[in-house]
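Here is a short round of questions and answers on one protein and its ligand. Keep the structure in view as you read.

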Amino acid sequence: MADYDNNNIFAKILRGELPSKKVLETEYAFAFHDINPQAPTHVLVIPKGPYVSMDDFTANASAEEIAGLWRAVGDTARTLGLVEGGYRIMANHGHHAHQEVFHLHVHILGGRPLGPMLEGGDVPPDGTWERTS
Ligand code: 5GP
């Protein structure tokens, strides 16, 4: 995967160069509403450090940064009132997962029943998958 680009959209949001609807901010993480929500509540939680994706983060971030991000994910969900109804978290890494912004972000989705995990997934009738990489 390519090196971290300091001018990606979420880096600019972190620096305050682009606006965002903030939910929560800590020493290690920043949470804000997704611009194109896929559920009544759709929030992104990002680390403050420059990590391209979950792969980069889990290989190179410090224990404090990793704990700080996940603590912020839980705190954000509680702040949004999603605990009782339930929520889904998701992080896309790379091509197969359709990652579009190359600064790690954890999606938090909730506010309605979310259906099966990969709604619209194209499962072959015999249940087998052809690997493409
Ligand atoms: P990905 O497919 O990389 O996991 O998700 C990228 C997410 O970033 C998408 O859900 C998209 O709507 C969101 N997004 C893209 N640009 C912006 C932006 O400028 N502001 C905010 N708040 N979200 C954005």
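Q: What is the order of the strands in the open sheet of 5 strands?
A: This is a predicted model. Its open sheet has 5 strands, and their pairing is antiparallel. Read across the sheet, the order is S1-S2-S3-S5-S4.

Q: Which strands stand at the edges of the sheet?
A: An edge strand here has a single partner strand, so one of its sides is left without a neighbour in the sheet. That holds for two strands, S1 (22-25) and S4 (87-90).

Q: By how many degrees are neighbouring strands of this sheet turned against each other on average?
A: Direction is ignored for this angle. Averaged over neighbouring strands of the sheet, the turn is 20°.

Q: Which helix packs on the sheet?
A: Look for a helix that touches S1, S2, S3, S4 and S5 (106-110). Its direction makes about 160° with that of S3. Residues 63-79 form this helix, H3.

Q: How many residues lie between S1 and S2 in their hairpin?
A: S1 and S2 run antiparallel, joined by 3 bridges. Together they form a hairpin. The number of residues between the two strands is 3.

Q: Which residue in S2 stands opposite Leu24?
A: Two facing pairs help you find the place. Glu25 stands opposite Phe30 in S2. Leu24 has its own opposite residue in S2, Ala31.

Q: Which polar side-chain atom lies 2.5 Å from an oxygen atom of the ligand?
A: Start with the backbone. A backbone N or O atom of His33 lies 2.9 Å from a nitrogen atom of the ligand. A polar backbone atom of Glu100 is 2.6 Å from a ligand oxygen atom. The side-chain atom at 2.5 Å from a ligand oxygen belongs to Asp34.

Q: How much of the ligand's accessible area does the protein cover?
A: On its own, the ligand has 520 Å² of accessible area. The part covered by the protein is 84%.

Q: Which element gives the most to the shell around the ligand?
A: The ligand is surrounded by 17 residues; Asp34, Asn92, Glu100, His105 and His107 are the closest. The elements that give two or more residues to this shell are H1 (9-14), S2 (29-33) and S3 (41-47). With 3 residues, the element that gives the most is H1.

Q: How many charged residues does the shell around the ligand have?
A: Sort the shell by class. There are 7 nonpolar residues and 8 polar ones. The number of charged residues is 2.

Terms used: Residues numbered from 1 in each chain as written. Predicted model: local features only at pLDDT ≥ 70, side-chain atom pairs only at ≥ 80, totals over all residues. Heavy atoms only, no water. Near = heavy atom within 4 Å. Polar contact = N/O pair within 3.5 Å; in protein donor to acceptor, adjacent residues only side chain to side chain. Areas by Shrake-Rupley, 256 points an atom, 1.4 Å probe, with all protein chains shown as cover. Helix = DSSP H or I, 4+ residues; strand = E, 2+ residues; numbered from the N terminus. Nonpolar A, V, L, I, M, F, W, Y, C, P; charged D, E, K, R; others polar. Pairing = 2+ DSSP bridges. Axes fitted to C-alpha atoms, helices over the stretch in contact; angles between N-to-C directions. Contact = heavy atoms within 4.5 Å.
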